[in-house]
Structures are given as C-alpha cells and as structure tokens.
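Biologist: I would like a close look at one part of this model, in plain terms and with the cut-offs spelled out. Please begin with the disulfide count and then move on to the surface and the strands behind it.

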Amino acid sequence: MSEVWQNIFGKLFGRLTNKYETMSSRKAGEKVENLRGIWEELNATPRPADKRAGLLHINLMASVNRFFNLEKLEESIPSLISEAMKYKNKPYEASVTKYRMLAEYNARFPTELGLPMRFLATLPILVSMQGNMKGDGKGGIKSDVSAELSWKLSSEIRVEIPFNGNYIASGVDVRVDSRAPKELNFNYNLNNHQIKVSWTPGNKVTDLLYYHVKPYTVTRNVADSVKPTLEDQATNLISVTNKPIKREFPLGDRFGVNVKLMEHSEFDVSDKMTFFQAFQKWDINGFSNLGFVPLEIRNSKYVLRYEPSGTRARSVSTYFQYQYATKTCQPTVVYESGSTQSRVPSEPEVISTSTIAAEFRPVLGRLFKNLESCNAHLMKTGLAAEQEDGTFIFFNATVGLSKNAWFTKDFTDIQIEKYTTSDPSARANKKDDFAGCHTATRNWNKPPTYGFSKDVLYLTEEDRIALRRQSDQSNIRFKAKVYRDDYAAKAAMYSPGPTMPEGFGLRIHVRKSRLY
C-alpha cells in the first residue's frame, strides 16, 4: 500500500530527485494524464446509489484484530433490540474471559565471550467479567459483576551457557491489577441528563488497584523457565535498602469509607505530584507507547485497598451532569422549526438543546450576565455517602465557562461545597464543613489574530476567591494586566524555529490586590 501512495504523491508533486520541479512548470495535458493514472491505480468503481458500504477495522498491537461490516450491523439492530428486550424482567448473565498477548519479543545477540545473549519481553493482558446485570426499564442497571483487568510487562536480558542450559539473567517485572467494585447501580435521568453510579460497600477486603515494579536477578536452568520467575527461590530482588518505607494514606475516611492507598517504596519522600506531572507530559500517542513502561525502575508497590472494618457508609453515589447553552445578541433573527416566518426577539434569548436543569439556572445567570452572542458549558459532579446513623455527607462541585463569539471576553464560575445533613431534600438542615467559590473575568482588547501581529495585545483579568458560596464579598481580590509589546511580537514573527528566542516574554502588571 505504501508503494501505491508513493507513486501517487510522486505523480502529483514530482519525485524526490526532482525537488526543484513544481506543478506550475508542467503542462495542463500532463496534469490530466497524472490524475487519470491516479484514478486507475485506486481502482475506483462507481457504486449504485442504493448501495452503501461501511467497514470498520480495529487492530491493536497486531494482537486484537476485528473487522465489522457496518451495513450488516445496521440491518441487525432490530434483532439486537428484540434480544435485549428479553432481559427486561430477568438478569443478564455475564461470563467473559479474554486473554491476549499484546507484545512478545525474543532476540539473540552474540557477545565477545562467545556466549549468546537473549532479550525477552512479554506483555500479556487478561480481562474477566463474571456475574449478572438487570435493567429496570427506566434507564437504570443493577450490576453484580466481578470485573478485573490485569496486564504484566516482563523484560529480561540473559546470558546462556549452551552446554548445560544454565543462564544468568537480570530483568524487571511490572504488574497492574484493577478490580471494579462488585455491587454497582447505574442510572441515567432523562429529565436532567444526569449520570449516576451507586456503590454498596461489601464485606470483603478488595484491592481496587495493585501496581508493582520489581527488578531482579536470577541464575537457573532453561528447564526451570516453566515456573514464573518471581516465584522461584533462585530469584533475588534488587533493592537499595533492606527496609523499604511503608506508608498508608486514608482517602475515604471523610465520607465513611475505609479506602486507603498503601505504598511500599525506597523513596524517602512520597512525591505524588511528580508522578502526575509525568503523565501530563504524554499525549495520546505517547501514552499508548509508554503507558506500560514504569517511571522508575526501583522496587516499589502501590495498593488501593478497600476494607470493610471501619466503614460507616451504607452506600456511596457519584454523579455527573452537563449542560450546554447559547445566548443570542439583540438583532438576531430567529426561524422556528415548522414556520416560514422569522421573528426578532425583544431581548437576547438563551437557547439550549434540552431544558436547562434547575440547579444550573443560577450559575447560567451569572455566566450570561455581561455577555452577548456567547456560549456556555456547565458541569456538575458530586459524591453522596449515606451513613449507618441515617445522615448524608455531600460533596458537590459546579464549574461554568462562558465565552463570547469574538473570543474577547470569557467568564469562569467555580463553586465547591461539602456538608452533612439528615434530610437530603431539606437544605436548611445541613451543616457546612467547607464551601468556596471562584469567579474570573478576562477581557482581550481585540480578537486573537492568526499567527503573530505587530499590534499590542493585552489581557485584563479580575479574580475573586471566597471561602463561602457567594463571591460578592470575597476574601481575595486581584486584578492583573498582561500584554505583549512590539518587541515580543517581532521576536516571535522572525524566529527561525519553534524555540522561544532569547528575551522573549510577557510583561505582567498587577494593578490591584486585596486580602481581607
């Protein structure tokens, strides 16, 4: 296939040897002949108007290979729906176990001693789901499924003695096991488009996540390779200390759930921020290539464990809700569906594809207060834990972002709260643990230009932060102005490469700051 495309691009843009040849120097007749040659190589044949084709090919690391005919899939939708309706009043038994070897390498290299050196690497993955699921016909699914995803990356370099089969090896074993909670309920509310997942804490100790990195050395015979390396008594783990540091971090104690992170490592300081920053540097392609490789080749182990002892919560629920809305400007002409007449609204209108939820209306009012011809994204997520004594612990976070159509002004509204109440429907009886809000207004003097402009571009920002639900009387206020002057614009325009030239920068002036 690559040869076909090389021939096609060669006909369009010339061969690599003719780098000074351009399309403008060719004759019109030659262009037509080239296009005709491309058409013949593609072997494009006309298809009748009533015939459609849709093909989907999935290939994952040359191990998972699936081919779907979308045309036949569309024809099978009625049968799939009728088959799914059979499980409306009875549970659906789930029993799936899949094993794949995503990667396997076995390479031999000669050495100066004359003994062969071998490099081995394997990456198996195992997926298992056992249990049953039952739907209520109203958008809810009750799940009682034991789901597990495990993969293991083993890499080893060994020097073999061909006379007796013995070898000396050094390698690294990386393992990840993830288990989902068993008793889960999924629900989707058609009215406010809220996705809700509820979990009933069980009575068994469960490792929700297990991760280890174990470097080792081993001396044994090839015949003993049938036994896993880490289970062999001849294996010696490499460690820089005789006493690894053990730490435990409680994560769910504030919500009555005994979930903790257990760490066994050789680092004196538990620096979690470095771990997260390393993942932030990867894009989607980098994660797919490096996601299985450990950050540090040191003896370490991390376990996210749930223990029923000390758990006070009967159930734990989490939800997510999203809303999108737009606001018109004053002279907008509106054409309603099914009507041939247009109308001009007397005031700007708020338009949304679905009914705006009641919990989003106060936030939406603040987002659209000083903006016209704009759009807004609203998200709300939270967690609710019902305790054994009948009380409820809530944690809610609402984020709203609005921006006008000219990209010269935007507004951000963030609110978080945590409280305890005996009646979820009566907010007056709640006891606040903490609450905070943050609002930010940013204004640009002109729309962003394509590329770089010599004109001065500046941004003014005003932020308000308060440890309460309203930011009108904020604890912290500050205003800032950031602008790009002519020197910075020229440095960016005439820079030979993507690197930042010396002296390039932005100048920031803090105009006003208050702390109450």
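Modeller: The count of disulfides comes to zero, where a disulfide is a pair of cysteine sulfur atoms within 2.5 Å. In chemical terms, a disulfide is a covalent bond that links the sulfur atoms of two cysteines. Cys374 is buried at 4% relative accessibility, and Cys437 is buried at 6%; buried means under 20% relative accessible area, exposed over 50%, and partly exposed in between (1.4 Å probe, protein chains only).

Some ground rules apply. This is a predicted model, in which local features need pLDDT of at least 70 and side-chain atom pairs count only at pLDDT 80 or more, while totals for chains, interfaces and linings use all residues. Residues are numbered from 1 along each chain as its sequence is written, and side-chain values use heavy atoms, with hydrogens and water left out.

The protein has eight helices and 24 strands; these are DSSP runs numbered from the N terminus, helices being H or I of at least four residues and strands E of at least two. Of its 516 residues, 28% count as buried. The exposed area is about 34700 Å², with 57% supplied by carbon and sulfur atoms; areas come from the Shrake-Rupley method with a 1.4 Å probe, and for residues only the protein chains shown count as cover.

On that surface is a nonpolar patch with about 910 Å² of accessible area together, including Tyr188, Phe320, Tyr322, Tyr324, Ile414 and Ile416. Patch residues have over 30% relative accessible area and no salt bridge; like charges are joined within 9 Å, and nonpolar side chains (Val, Leu, Ile, Met, Phe, Trp, Tyr) within 5 Å. A salt bridge is a side-chain nitrogen of Lys or Arg within 4 Å of a carboxyl oxygen of Asp or Glu. Strand 14 (313-327) and strand 20 (409-421) each supply at least two patch residues, and strand 14 gives the most, with three.

Strand 14 is the part to look at closely. Tyr324 sits in this strand and is partly exposed, at 33% relative accessible area. Gln323 is also in strand 14, but Gln323 is buried, at 2%. The side chain of Gln323 has a polar contact of 3.1 Å with the side chain of Ser352. A polar contact is a pair of N or O atoms within 3.5 Å; within protein, one must be able to donate a hydrogen and the other to accept it, and residues adjacent in sequence count only if both atoms are side-chain atoms. A polar atom of the Gln323 side chain also lies 3.5 Å from the backbone nitrogen of Ala357. Leaving aside residues up to four places away in sequence, Gln323 touches, among others, Ser354, Phe360, Ala376 and His377; contact means heavy atoms within 4.5 Å.

Two loops are worth a note. His193, in the loop between strand 7 (183-189) and strand 8 (194-199), has a positive phi near 55° without being a glycine. Phe407, in the loop between strand 19 (392-404) and strand 20, likewise has a positive phi, of about 55°. His193 is partly exposed at 30%, and Phe407 is partly exposed at 47%.

Just beyond that second loop, Thr408, Lys409 and Asp410 are among the residues that Arg442 touches. Arg442 belongs to strand 21 (residues 431-444), and its side chain makes a 2.8 Å polar contact with the side chain of Asp410.
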